[in-house]
Amino acid sequence: MATQLLMPKATAVWLVDNTALSFDQIAAFCKLHPLEVKAIADGEAAQGIKGLDPLITGQLTREEIARGEADINHKLKISDPKVRVPETKRKGPRYTPLSKRQDRPNAILWLVRNHPELKDAQISRLIGTTKSTIEQIRNRTHWNSNNLQPMDPVTLGLCSQIDLDIEVERSSRGRPAQVETGDTLLPASATENLDIQPAPREEDEELDADKVFAKLSSLKGRQEDDEDEE
């Protein structure tokens, strides 16, 4: 039976409010993403969640917290808690509370738009939904497609940022690097040896004999007219 932290997000709220631990230390101890901890500190996440004192549950000691505050590189170690919680082995889709199931289509739409590399099975693991629902949202055949708004599943509390990052990393493995297309400037190495020909000037163009003789004839005619007038 493994030692598991009770209510990680509530514990993170308490640690943010009552200690000088860094975001990374709290995130590692509570198994959250550092950005989640930062959002808690900024008041953007975990609103309405009451902090859980890990000292009361016996999962942290004051000495351990003091060591973490003194050394930013110190990783907090969980103590033997007063209550033992067996490590859950989840199989199949993630269970989603009834109060949050209505948000799943919005979260699926967000994942489809922002992480198109994710497979349906990965989205199903993250959100706890079915592949048919994902296909309906992809194809815009879902019964409520017109009212759906893309929403971050981490913000909705449907999955953690760590789980999302893991799935995105799995999808990116073995994928070829994207080649940027479009008009871009050539590097200097590709242009320094180019043979640049200057634009031909008008005087360098071949003279047209007919045009020259015609111009001379007109000038000669004007001179004769001037002589006759004198």
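Me: Between which two helices is the loop that holds Arg140?
Reply: This is a predicted model, where local features need pLDDT of at least 70, side-chain atom pairs count only at pLDDT 80 or more, and totals for chains, interfaces and linings use all residues. Residues are numbered from 1 along each chain as its sequence is written, and side-chain values use heavy atoms, with hydrogens and water left out. Helices (H or I, at least four residues) and strands (E, at least two) are DSSP runs, numbered from the N terminus. Arg140 lies in the loop between α8 and α9 (153-156).

Me: What is the phi of Arg140?
Reply: Most residues other than glycine have a negative phi. Arg140 is not a glycine, yet its phi is positive. Arg140 comes just after α8, with a phi near 60°.

Me: Is Arg140 buried or exposed?
Reply: Buried means under 20% relative accessible area, exposed over 50%, and partly exposed in between (1.4 Å probe, protein chains only). Arg140 has 53% relative accessibility. Therefore Arg140 counts as exposed.

Me: Which residue in the loop between α2 and α3 has a positive phi without being a glycine?
Reply: The loop in question leads to α3 (34-41). The residue is exposed, with a relative accessible area of 66%. Its phi is about 60°. The residue is Lys31.

Me: How many helices does the protein have?
Reply: Read the elements from the N terminus on: they run α-α-α-α-α-α-α-α-α-α-α-α. There are 0 strands. The number of helices is 12.

Me: What percentage of the residues count as buried?
Reply: The accessible surface of the protein comes to about 16800 Å², and carbon and sulfur atoms hold 50% of it. Such areas come from the Shrake-Rupley method with a 1.4 Å probe; for residues, only the protein chains shown count as cover. Of the 230 residues, the buried part is 33%.

Me: How are α1 and α2 oriented to each other?
Reply: The axes of α1 (residues 8-18) and α2 (residues 23-30) come within 9 Å and cross at roughly 155°. Axes are lines fitted to C-alpha atoms, for helices over the stretch in contact, and angles run from 0 to 180 degrees between N-to-C directions. Angles under 35 degrees count as roughly parallel, over 145 as roughly antiparallel, 65 to 115 as roughly perpendicular and the rest as oblique. So α1 and α2 are roughly antiparallel.

Me: Which residues of α2 meet α1?
Reply: Contact means heavy atoms within 4.5 Å. On the α1 side, the residues are Pro8, Thr11, Ala12, Leu15 and Val16. On the α2 side, they are Ile26, Phe29 and Cys30.

Me: At roughly what angle do the axes of α7 and α8 cross?
Reply: Residues Asp120, Ala121, Ile123 and Ser124 in α7 meet Lys131, Ile134, Glu135 and Arg138 in α8. The axes come within 9 Å and cross at roughly 110°. That makes α7 roughly perpendicular to α8, at a crossing angle of roughly 110°.

Me: Why do the buried residues of α8 lie on the same side of the helix?
Reply: The buried residues of α8 (residues 131-138) are Thr133, Ile134 and Ile137. The arc is that of the directions from the helix axis to the C-beta atoms. The three lie on the same side because they cover an arc of only 100°.

Me: Which residues of α3 are buried?
Reply: What covers them includes α1, α2, α9 and α10 (161-172). The buried residues of α3 are Glu36, Val37, Ala39 and Ile40. They fall within an arc of 160° seen down the axis, so one face of α3 is lined by Glu36, Val37, Ala39 and Ile40.

Me: What is the relative accessible area of Ile108?
Reply: Ile108 is found in helix α6. Leaving aside neighbours within four places in sequence, Ile108 is in contact with Ile123, Ile127, Thr129, Thr133, Ile134 and Ile137. Ile108 is buried, with a relative accessible area of 0%.

Me: Is Glu64 buried or exposed?
Reply: Glu64 is found in helix α5 (residues 62-70). Not counting residues up to four places away in sequence, Glu64 touches His74, Lys75, Leu76 and Lys77. With 7% relative accessibility, Glu64 counts as buried.
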